[in-house]
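Reader: I'm new to this one and would like to know what the labels mean. Could you walk me through it?

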Amino acid sequence: MKKAIYILLAAVLAAGCAEDKGNYDYSENNGITIGGVENNYIVERFDRLQIEPDLEFAVRENSNLAYEWYVNGKLVSTDPVCDAVIDETPNGVVANDPHPNYYFAYLRVTDKDSGLQYYRHFQVKVGTSYTTALFLLGEKADGAATLTAQRRDRAGAPLQYDVFEANNPEFGAFGRKPLMLLYRTGTYGTKSFYAVCREGERKIMAFNATSMLMTNYYNAASVGGSYTGDVIPSAFTERGQTGGMVLSEGKAFLFNFWNSGTFYYPAGYPDHHNDYHFSWVDTDPSILSYGFAGYDETSQKFKTLKPLETNQAAFSRIENMAGDGSSTAGQTFVAAGMKAGSSESTAYIILRNGGTAYFYAIDIWFEMDWINYIFDMGASYRLVDTHAGLIKDNMVCQYCNDLNWYLADGNKITRLGVASGSTPQAWFTAPKGNVTAMMSDPALNRLLVATWDGTKGYIYTISMTSANTTTDNNVIELDHKIVSMAATGTWKF
């Protein structure tokens with residue numbers, strides 16, 4: 001009898017155990033190992049950080065998870081696969097950057113069943129796509145300025161709109177009545193990038209050429225000395241070293257970026273600054289601030305502008321330029337280009353009288369009196385050629401360092417060499433719109449041509465070695481007019 005009872009009890013216990021499946025799962029540690037994430041990533045600002053993690057589970061697969069991707073303490077994605085736009089400031093481009101080399105980042109995976117969290121830390125270095133790019137300064141229908149960029153180290157790169165606002169949100173709108181972009185690499189490798197507008201608080205804006213963060217801006221309040229008056233830029237030249245010149249209503253203001261970008265009172269100030277109306281001023285980069293060459297519309301003569309020996313900021317020594325004796329009477333300024341050298345440069349100038357174009361070359365060089373340790377500038381002009389009926393009102397003229405002028409009348413572009421005896425050559429006819437701006441690419445192989453048809457803007461890329469040849473069938477199309485272009489870096493595309 002007892003034996004039967006024992007047998008029955010054993011059977012009951014066995015059945016109970018068989019029905020207890022899963023009662024003790026709470027003691028399992030279904031740990032997660034996060035793989036597929038590298039230690040270091042490089043991404044350019046406004047590009048996407050793309051990471052697909054590989055999760056390994058200690059016991060079994062679990063889909064009841066939460067994902068959080070953080071970069072520099074900011075949540076950038078909650079998707080299992082990170083595909084986030086990174087808008088952190090590029091590393092190392094601002095003074096006293098707390099993150100000069102990279103940002104800390106991590107993925108946090110939360111097991112919603114157990115509440116346990118698992119981490120994978122990594123680093124993200126944020127760079128910039130602006131160091132190898134095409135920049136387009138445009139004007140919208142209401143006069144507002146807009147800056148667009150397209151990287152040129154990657155094929156088929158999209159346009160980046162509103163570059164100023166994206167990188168400088170604290171400053172609001174860009175500006176109004178845009179005039180020009182200026183980018184150049186200085187004698188010591190310094191890179192300068194400027195945008196100029198004729199209206200608004202920020203007439204001339206200086207940017208970090210790597211990050212496009214605005215580093216300073218200038219207006220009438222920037223003019224030093226006792227000068228009072230507005231500054232409405234009509235032209236701006238910057239030659240590295242100590243700066244350049246800003247033209248405003250015919251007045252030439254020295255721009256010295258070594259001294260916080262101060263505008264010094266206009267040339268000839270205080271007694272003779274109203275005697276001149278300069279339409280062009282430039283110099284050789286090696287000359288520092290010891291002299292400029294210019295064209296004065298009042299006297300219709302080429303001039304040299306030099307500072308007083310007692311005040312290097314006062315360009316009051318204004319004299320007629322030496323030359324070959326060719327008369328410039330009755331001639332007005334059209335366009336200028338500069339072929340810069342290491343110790344001597346040549347400026348190529350177009351003046352006009354009616355429809356006749358006069359092509360000049362101005363040699364500009366640096367002089368040094370080593371005995372008295374006196375720096376000076378030398379300049380001399382010469383007439384190279386004349387062409388009747390070549391110049392019309394509202395033409396767009398662009399000098400390129402292939403030693404050619406590109407002259408646009410409406411949608412038609414003519415090429416003309418700078419050498420004497422050159423013959424005008426029909427070069428390109430834009431399919432849509434009239435030409436508003438032109439620029440060569442950094443390699444001097446292609447000419448970028450901006451046009452405007454009253455509704456849309458277009459950028460055509462054409463050959464600089466073969467007439468009527470487009471080199472890129474992907475015409476850029478915009479909803480505004482382009483007034484100026486600039487190129488940075490060595491383009492791959």
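**Asking why**

Author: Happily. Of the contacts in the protein with a separation of 6 or more, 52% are between residues 24 or more positions apart. Keep in mind that this is a predicted model.

Reader: What is the protein built from, and how much of it is buried?

Author: The secondary structure comes to two helices and 37 strands. Of its 493 residues, 49% count as buried. The accessible surface is about 23500 Å², and carbon and sulfur atoms make up 48% of that.

Reader: Let's take one residue. Why is Thr132 called buried?

Author: The cut-off for buried is under 20% relative accessible area. Thr132 has 14%, so it is buried. You'll find Thr132 in the loop between strand E9 (117-127) and strand E10 (133-139).

Reader: Which residues is Thr132 in contact with, leaving aside its neighbours within four places in sequence?

Author: Arg151, Arg152 and Asp153 are among them, and so are Thr488, Gly489, Thr490 and Trp491.

Reader: Strand E10 came up there. Which sheet does E10 belong to?

Author: An open sheet of three strands, in the order E11-E10-E37, with antiparallel pairing. Strand E11 (145-151) and strand E37 (481-488) each have a single partner strand, so they stand at the edges, and one side of each is left without a neighbour in the sheet. The twist averages 20° from one strand to the next.

Reader: How do you know that E10 and E11 are paired?

Author: Two strands pair if there are at least two bridges between them. Seven bridges join E10 to E11, so they count as paired, and they run antiparallel. As one example, Glu139 has Ala145 in E11 as its bridge partner.

Reader: What makes E29 and E32 edge strands?

Author: They belong to an open, antiparallel sheet of four strands, ordered E29-E30-E31-E32. Strand E29 (396-400) and strand E32 (425-429) have a single partner strand each, so one side of each has no neighbour in the sheet. Here the twist averages 25° from one strand to the next.

Reader: And how many bridges join E29 to E30?

Author: Five, with E30 covering residues 404-409 and the two strands running antiparallel. Val396, for instance, has Ala408 in E30 as its bridge partner.

Reader: What is unusual about Leu403, in the loop between E29 and E30?

Author: Most residues other than glycine have a negative phi. Leu403 is not a glycine, yet it has a positive phi of about 65°. Its relative accessibility is 37%, so Leu403 counts as partly exposed. Lys177 also has a positive phi, near 50°, and isn't a glycine either. Lys177 is found in strand E12 (residues 176-185) and, at 33% relative accessibility, counts as partly exposed.

Reader: Which peptide bond is cis?

Author: The one that joins Tyr269 and Pro270, with omega about 10°. Pro270 sits in the loop between strand E19 (262-266) and strand E20 (278-282).

Reader: On to the rings. Why are Tyr70 and Tyr106 called stacked?

Author: Ring centres must lie within 6.5 Å to pair, and planes under 30 degrees apart count as stacked. For Tyr70 and Tyr106 the centres are 4.9 Å apart and the planes are at 20°, so the pair is stacked. The pair links distant parts of the chain, with Tyr70 in strand E5 (residues 65-71) and Tyr106 in strand E8 (residues 103-111), 36 residues apart. Tyr70 is buried at 14% relative accessible area, whereas Tyr106, at 21%, counts as partly exposed.

Reader: What makes Tyr218 and Phe255 edge-to-face?

Author: For that label the planes must be over 60 degrees apart. Tyr218 and Phe255 have 75° between the planes and 5.1 Å from centre to centre, so the label fits. Tyr218 lies in strand E15 (residues 214-218) and Phe255 in strand E18 (residues 251-256), so the pair ties together parts 37 residues apart in sequence. Tyr218 counts as buried at 5% relative accessibility, and Phe255 is buried at 0%.

Reader: How many aromatic pairs are there?

Author: The count comes to 27. Ring pairs also link Tyr130, Phe135, Phe164, Phe174, Tyr183, Phe193 and Phe207 into a cluster.

Reader: Last one: how many disulfides are there?

Author: Zero, in a search of the whole structure. As for cysteines, Cys197 counts as buried at 0% relative accessibility, and Cys397 counts as buried at 16%.

Terms used. Residues are numbered from 1 along each chain as its sequence is written. This is a predicted model: local features need pLDDT of at least 70, side-chain atom pairs count only at pLDDT 80 or more; totals for chains, interfaces and linings use all residues. Side-chain values use heavy atoms; hydrogens and water are left out. Buried means under 20% relative accessible area, exposed over 50%, partly exposed in between (1.4 Å probe, protein chains only). Contact means heavy atoms within 4.5 Å. Accessible areas come from the Shrake-Rupley method with a 1.4 Å probe; for residues, only the protein chains shown count as cover. Axes are lines fitted to C-alpha atoms, for helices over the stretch in contact, and angles run from 0 to 180 degrees between N-to-C directions. A disulfide is a pair of cysteine sulfur atoms within 2.5 Å. Rings of Phe, Tyr and Trp (its six-membered ring) pair if their centres lie within 6.5 Å; planes under 30 degrees apart count as stacked, over 60 as edge-to-face and the rest as tilted.
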